[in-house]
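Visitor: I would like a close look at a single part of this protein, with enough of the rest to place it. Please take it slowly and explain each step.

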Amino acid sequence: MKTARAYEDGSVHYDGDLVLHQGSTYQARCDTAKAPPHEDWQLIAAKGRDAVMPKILGTYREGENYSFLNIVALGGSSFIARSDDPGPCPGEGWQLIASAGRPGKQGPPGARGEAGARGERGLPAPSIIGWTIDREAYTATPILSDTSEAAPLQLRELFVQFQDEAS
């Protein structure tokens with residue numbers, strides 16, 4: 001079994017020899033001192049581009065930089081970049097690779113869950129047990145059952161209105 005070795009300028013390579021030259025692999029068709037590519041050589045494997053694998057990047061984000069073969073999700077569909085800096089998605093720089101389907105029919109309702117825990121009963125709301133009257137300011141302030149005071153009632157406007165209507 002023959003193994004490939006690097007091509008050597010000026011050397012004679014024999015019929016059937018395998019050589020690596022400028023990234024490609026050749027096999028000699030006859031004894032030769034010519035450099036491949038040449039009719040004395042059979043191309044076995046041509047030099048290719050370095051492989052670039054697709055890269056899944058998750059949900060598309062506007063303003064993000066994307067490169068060739070980046071895959072993004074958007075609106076339930078998937079797109080792959082056709083070039084570096086492909087622009088907004090979807091668009092000319094993107095290829096749709098999986099489309100979102102239509103929503104399915106709604107299923108039957110599920111069983112009713114258990115009732116949640118009830119909180120403790122709160123204190124009763126305070127009630128009005130009296131009033132403080134300020135005759136100079138024309139206000140009445142409620143005194144509540146928890147000994148607090150509520151906001152005072154401003155009554156001056158009612159007295160002015162009454163006087164205007166009674167005159």
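Visitor: Among contacts between residues at least 6 apart in sequence, what share joins residues at least 24 apart? After that, please go closely through the sheet that holds β9, β10 and β11.

Guide: The share is 9%: that is the part of the contacts between residues at least 6 apart in sequence that join residues at least 24 apart. Keep in mind throughout that this is a predicted model.

A few overall values set the scene. The protein has 1 helix and 11 strands. Along the sequence, the strands come before the helix, in the pattern β-β-β-β-β-β-β-β-β-β-β-α. The radius of gyration is 44 Å, whereas a compact globule of 167 residues would have one near 15 Å. Along the principal axes, the C-alpha atoms fill a box of roughly 130 × 45 × 35 Å. Of the 167 residues, 20% count as buried. The accessible surface comes to about 13500 Å², and carbon and sulfur atoms account for 52% of that surface.

Now to the part you asked about. Three strands make up an open sheet with the order β9-β10-β11, and their pairing is antiparallel. At the edges are β9 and β11, each of which pairs on one side only. Strand β10 covers residues 139-144, and its antiparallel pairing with β11 runs over 2 bridges. One pair of facing residues can be picked out here: Ala 140 stands opposite Leu 153 of β11.

Start with β10, where Thr 141 is found. Is Thr 141 buried or exposed? Its relative accessibility is 11%, and buried means under 20%, so Thr 141 counts as buried. What does Thr 141 touch, leaving aside residues up to four places away in sequence? The list is Gly 130, Trp 131, Thr 132, Glu 149, Ala 150 and Pro 152. Three of these names, Gly 130, Trp 131 and Thr 132, have numbers that fall within strand β9, residues 128-134.

Next comes the edge at β11. This strand spans residues 153-154, and Leu 153 is part of it. Leu 153 has a relative accessible area of 40%, which lies between the limits of 20% and 50%, and it is therefore partly exposed. Leu 153 also belongs to a nonpolar patch on the surface, together with Ile 128, Trp 131 and Ile 133. A residue needs over 30% relative accessible area to join a patch, and the 40% of Leu 153 is therefore enough on that count. The patch as a whole has about 410 Å² of accessible area.

Which strand gives the patch its largest share? Strand β9 does, with 3 residues. Trp 131 thus appears twice in this account: once as a member of the patch and once among the contacts of Thr 141. A general point helps in reading such a sheet: in a regular strand the side chains alternate between the two faces.

For comparison, look at the other end of the sequence. Four strands form an open sheet there in the order β1-β2-β3-β4, with mixed pairing. β1 (5-6) and β4 are at its edges with a single partner strand each, so one side of each has no neighbour in the sheet. Strand β3, residues 24-28, is mostly covered, with 4 of its 5 residues buried. Its antiparallel pairing with β2 (residues 18-21) runs over 4 bridges, and Val 19 stands opposite Tyr 26. The two strands form a hairpin with 2 residues between them, and Gln 22 in the turn has a positive phi of about 50°. On the side of β4 (residues 41-45), β3 again pairs in the antiparallel sense over 4 bridges, and Gln 27 has Gln 42 as its bridge partner.

One last item is a charged pair. Side chains of opposite charge can pair when their charged atoms come close. The structure holds 1 salt bridge, and it joins Arg 61 to Glu 64, with the closest N and O atoms 3.6 Å apart. Arg 61 sits in the loop between β5 (55-59) and β6 (70-74). Both partners count as partly exposed: Arg 61 has a relative accessible area of 44%, and Glu 64 has 39%. Arg 61 is also 8.9 Å from Leu 74, C-alpha to C-alpha, although the two are 13 residues apart in sequence.

Methods. Residues are numbered from 1 along each chain as its sequence is written. This is a predicted model: local features need pLDDT of at least 70, side-chain atom pairs count only at pLDDT 80 or more; totals for chains, interfaces and linings use all residues. Side-chain values use heavy atoms; hydrogens and water are left out. Patches are made of residues with over 30% relative accessible area and no salt bridge: like charges are joined within 9 Å, nonpolar side chains (Val, Leu, Ile, Met, Phe, Trp, Tyr) within 5 Å. Accessible areas come from the Shrake-Rupley method with a 1.4 Å probe; for residues, only the protein chains shown count as cover. A salt bridge is a side-chain nitrogen of Lys or Arg within 4 Å of a carboxyl oxygen of Asp or Glu. Buried means under 20% relative accessible area, exposed over 50%, partly exposed in between (1.4 Å probe, protein chains only). Two strands pair if DSSP finds at least two bridges between them. The radius of gyration is taken over C-alpha atoms; the globule rule is 2.2 Å times the number of residues to the power 0.38. Contact means heavy atoms within 4.5 Å.
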